[in-house]
Amino acid sequence: MVESTRIVLVSRPEGAPTPANFRIETAALPEPGEGEVLLRTLYLSLDPYMRGRMSAAKSYAAPVEVGDVMVGGTVAEVLESGDPSIAKGDVVQAYSGWQTHQVAPASGLRKLDPDKAPISTALGVLGMPGFTAYSGLLKIGQPKAGETLVVAAASGPVGSAVGQIARIKGVRAIGIAGGPEKCAYVREELGFEAAIDHRATDFADQLRAAVPDGIDIYFENVGGAVADAVYPLLNTYARVPVCGLIANYNATGAPEGSDRLPGFYGRILTKSLTVRGFIQTEFVREMYKDFLHEMSGWIADDLVRYREDIVEGLEHAPEAFIGMLEGRNFGKLVVRVG
């Protein structure tokens with residue numbers, strides 16, 4: 001019998017999560033049955049959407065129940081298999097969550113080839129974040145050569161891919177990031193035309209100077225003060241794929257000040273804007289195969305680069321997750337579990 005070490009949600013956060021919202025425990029797992037496999041987690045992905053799953057508020061996915069294992073994408077090794085399509089020793093992309101082992105249906109797994117790419121990339125540039133960038137930009141952003149794109153959180157796994165794909169499509173990419181080190185990475189390593197520090201006191205002025213012809217695509221990852229600076233600069237017919245609003249994830253109430261929704265609607269109307277929220281899963285059937293083919297080729301040709309921020313040990317997942325929500329990570333945040 002195999003025991004799994006796992007991290008469960010013990011209370012729902014009020015505002016920013018704290019270590020007290022999590023607990024480490026162990027649980028015995030059954031033998032895998034027919035059509036099932038026993039997995040050992042090698043890597044765990046930490047992503048901003050997990051903050052929403054800690055809340056009981058209605059959303060696009062059911063919340064994690066108090067006492068349940070925290071959800072998350074994983075890369076895992078197959079220890080035992082009750083399915084002929086998956087063999088012992090295979091490395092697979094799974095959704096095991098914050099735990100060292102899991103018994104899971106074989107039908108929900110995707111086999112990985114460690115010879116083609118580092119297996120951790122299945123959680124980043126060749127996984128959900130990369131596909132979020134690819135599908136949101138191409139399906140909703142509809143980039144055209146010569147246009148200008150702005151993306152916030154540009155050093156992160158989604159934003160970095162958005163800007164690089166835009167550059168491949170002939171679009172001028174402007175990144176927004178937090179701090180000089182991240183801005184230098186976005187500009188010098190990823191090849192964005194400009195990178196602007198949202199912490200700068202003259203951030204809005206710097207952004208305006210960087211987009212003299214306005215903004216045609218704004219890939220929304222952040223919301224908050226960054227969005228406030230971007231929206232007045234949008235061109236007529238600009239497209240806004242809304243991927244995330246991390247600036248608001250820990251909010252406990254409505255923002256202070258007057259209601260700005262009528263003004264936002266007015267801008268949508270007078271500029272003929274397309275503002276479209278999306279969850280990447282809605283495009284999987286249509287676009288995922290093309291994504292894997294194209295992204296793999298771009299990486300091989302050094303047209304797309306990526307950065308990983310790897311944390312050692314499952315026990316450090318809560319601290320790393322809390323830090324991510326504060327912007328302390330640099331690149332795709334992954335926990336090396338096995």
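## Strands and helices in a predicted model

In strand β5, V92 is the bridge partner of A76. This is a predicted model, in which local features need pLDDT of at least 70, side-chain atom pairs count only at pLDDT 80 or more, and totals for chains, interfaces and linings use all residues. Residues are numbered from 1 along each chain as its sequence is written, and side-chain values use heavy atoms, with hydrogens and water left out.

Helices (H or I, at least four residues) and strands (E, at least two) are DSSP runs, numbered from the N terminus. Two strands pair if DSSP finds at least two bridges between them. The table lists three such pairs.

| Strand pair | Sense | Bridges | Partner residues |
|---|---|---|---|
| β4 (residues 74-81) and β5 | antiparallel | four | A76 and V92 |
| β5 and β7 (residues 110-111) | antiparallel | two | V92 and K111 |
| β8 (residues 148-151) and β9 (residues 172-177) | parallel | four | V150 and I174 |

Within β5 (residues 91-94), V91 and Q93 point one way while V92 and A94 point the other way, and all are buried. Buried means under 20% relative accessible area, exposed over 50%, and partly exposed in between (1.4 Å probe, protein chains only).

An open sheet of six strands, with parallel pairing, follows the order β10-β9-β8-β11-β12-β13. Its edges are β10 (194-197) and β13 (274-277); each has a single partner strand, so one side of each is left without a neighbour in the sheet. On average, neighbouring strands of this sheet are turned by 15° against each other, direction ignored.

Helix α2 lies across β8, β11 (215-219), β12 (234-242) and β13, and runs at about 145° to β11. Helix α4 (residues 180-189) also packs on the sheet, where it touches β9 and β10. Contact means heavy atoms within 4.5 Å. Axes are lines fitted to C-alpha atoms, for helices over the stretch in contact, and angles run from 0 to 180 degrees between N-to-C directions.

How do α2 and α8 cross? The axes of α2 (residues 128-141) and α8 (residues 284-300) come within 10 Å and cross at roughly 110°. The two helices are therefore roughly perpendicular to each other, a term for angles of 65 to 115 degrees; angles under 35 count as roughly parallel, over 145 as roughly antiparallel, and the rest as oblique. Among the residues that meet are F131 and Y134 in α2 and M287 and W298 in α8.
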